[in-house]
Amino acid sequence: MKKEKRVMAISIGISCFALALVMSMQFKVVRETDITSIQSMRESELRSELSQWKSKYDEIDEKYQEVSGKISEYQSKKESDNENSSLLEKEQEQINLALGKDDVQGEGIVITLNNVDDVEPKINAEDLLVIVNQLKNAGAEAISINDERIINMSDVVNINLEEGEFFVKVNGQRKLAPYIIKAIGNQAYLEGAILGNGGRADDLQTIGHEVSIQKDRKVEITKYNGEITTKYIQ
């Protein structure tokens with residue numbers, strides 16, 4: 001910013017100097033050329049003198065126009081740079097949103113799923129993944145499970161224990177019921193996707209598990225905190 005101000009100040013200074021020089025030349029002509037001297041000059045001498053002054057004036061005017069053009073070019077470039085910077089910022093915001101690298105908030109729903117002791121099968125990773133995909137298909141812009149942001153590379157898996165017991169891992173973190181799924185998007189679409197015909201939340205509720213859905217105008221979803229790595233992309 002300081003550099004831009006310095007360049008602008010120098011350009012304006014040059015323009016002012018050029019104008020001042022032109023005005024001083026005109027004052028000098030008026031001061032040094034009186035009526036008597038003009039009358040005593042031959043017509044050819046007067047024309048020659050005026051031609052010289054005109055050439056000098058044209059030269060100064062040309063420099064002034066050149067400086068004015070540079071100032072306009074600088075201002076135009078500055079506006080273009082600001083516009084490009086704004087576009088880059090917007091693109092970066094879209095990239096961060098797609099990668100889940102920013103905290104976000106907005107209209108959406110909060111789904112709470114909890115196991116009931118005597119109801120089988122228990123809620124597992126497959127149930128959670130189906131609900132996540134149904135929410136995505138309904139236009140969810142951001143999703144989390146127990147405050148773990150879900151991105152394209154997220155893992156939601158069952159970790160089997162002894163005697164048929166298991167727990168769910170989300171983004172490599174152990175998660176236990178109740179499972180709280182947050183989704184930002186159109187509330188009616190999101191709710192309809194998981195509770196309508198074929199909705200997995202509706203299926204879980206039908207077999208006896210606890211399912212509740214809360215609509216919220218300000219659902220808050222935290223950013224993805226893991227590392228985004230690739231194995232095969234070059």
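# Exercises on a predicted model

P121 sits in the loop between strand 1 (104-114) and helix 4. The model is predicted. Work through the exercises with the structure open.

## Exercise 1. The peptide bond before P121

Task: Find out which peptide bond at P121 is cis, and what its omega is.

Solution.
- Step 1. Go to the loop between strand 1 and helix 4, where P121 lies.
- Step 2. Take the bond from E120 to P121.
- Step 3. Read omega: the value is near -5 degrees, and the bond is cis.

## Exercise 2. A cis bond at P178

Task: Locate P178 among the strands, and state the omega of the bond that joins A177 and P178.

Solution.
- Step 1. P178 belongs to the loop between strand 6 and strand 7.
- Step 2. Omega of the A177 to P178 bond is about 5 degrees.
- Step 3. The bond is therefore classed by that angle as cis.## Exercise 3. The overall layout

Task: Describe the fold of the protein by its elements and their order.

Solution.
- Step 1. Count the elements: six helices and eight strands.
- Step 2. Follow the sequence: the pattern reads α-α-α-β-α-β-β-β-β-β-β-α-α-β.
- Step 3. Turn to burial. Of the 234 residues in the protein, 27% are buried.
- Step 4. Turn to the surface. The accessible surface comes to about 16,200 Å², and carbon and sulfur atoms hold 50% of this area.
- Step 5. Look at contacts between residues at least 6 apart in sequence. Of these, 76% join residues at least 24 apart.

## Exercise 4. Strand 2 and its partners

Task: Work out which way the side chains of strand 2 point, and which strands pair with strand 2.

Solution.
- Step 1. Start from the rule. In a regular strand the side chains alternate between the two faces of the sheet.
- Step 2. Apply it to strand 2 (residues 142-145). A142 and S144 point one way, and I143 and I145 point the other way.
- Step 3. Check burial. A142, I143, S144 and I145 are all buried.
- Step 4. Take strand 7 (residues 179-184). Four bridges join strand 2 to strand 7, and the two run antiparallel. I143 faces A183 across this pairing.
- Step 5. Take strand 3 (residues 148-149). Two bridges join strand 2 to strand 3, again antiparallel. Here S144 stands opposite R149.

## Exercise 5. The turn between strand 2 and strand 3

Task: Examine the turn of the hairpin and give the phi angles of N146 and D147.

Solution.
- Step 1. Strand 2 and strand 3 form a hairpin with two residues between them.
- Step 2. N146 in the turn has a positive phi of about 45 degrees.
- Step 3. D147 lies in the loop between strand 2 and strand 3. Its phi is also positive, at about 65 degrees, although D147 is not a glycine.
- Step 4. Is D147 buried or exposed? The relative accessibility of D147 is 49%, so D147 counts as partly exposed. Exposed would need over 50%.

## Exercise 6. The sheet of strands 4, 5 and 6

Task: Establish the strand order of the open sheet, then place helix 4 against the sheet.

Solution.
- Step 1. The open sheet has three strands in the order 4-5-6, with antiparallel pairing.
- Step 2. Strand 4 (156-160) and strand 6 (173-175) are the edge strands, since each pairs on one side only.
- Step 3. Neighbouring strands of this sheet are turned by 40 degrees against each other on average, direction ignored.
- Step 4. Five bridges link strand 4 and strand 5 (residues 166-170) in the antiparallel sense. In this pair, N158 stands opposite V168.
- Step 5. Helix 4 (residues 125-137) lies across strand 4 and strand 5. The helix runs at about 175 degrees to strand 4.
- Step 6. Move to the loop between strand 5 and strand 6, which holds N171. N171 is not a glycine, yet has a positive phi of about 55 degrees. With a relative accessible area of 14%, N171 is buried; the cut-off is under 20%.

## Exercise 7. Two places on the surface

Task: Name the residues of the nonpolar surface patch, then describe the position of G192.

Solution.
- Step 1. The patch consists of I95, L99, M153 and I228. Together they have about 330 Å² of accessible area.
- Step 2. I95 lies in helix 3 (residues 43-99). The relative accessible area of I95 is 44%, so I95 is partly exposed.
- Step 3. G192 is in helix 5 (residues 187-195). G192 is partly exposed as well, with a relative accessible area of 40%.
- Step 4. Compare G192 with Q134. They are 58 residues apart along the chain, and their C-alpha atoms are separated by 9.6 Å.

Conventions: Residues numbered from 1 in each chain as written. Predicted model: local features only at pLDDT ≥ 70, side-chain atom pairs only at ≥ 80, totals over all residues. Heavy atoms only, no water. Patch = residues over 30% accessible without salt bridge, like charges linked within 9 Å, V, L, I, M, F, W, Y side chains within 5 Å. Areas by Shrake-Rupley, 256 points an atom, 1.4 Å probe, with all protein chains shown as cover. Salt bridge = Lys/Arg side-chain N within 4 Å of Asp/Glu carboxyl O. Buried < 20%, exposed > 50% of the residue type's maximum accessible area, 1.4 Å probe, protein only. Pairing = 2+ DSSP bridges. Axes fitted to C-alpha atoms, helices over the stretch in contact; angles between N-to-C directions. Contact = heavy atoms within 4.5 Å.
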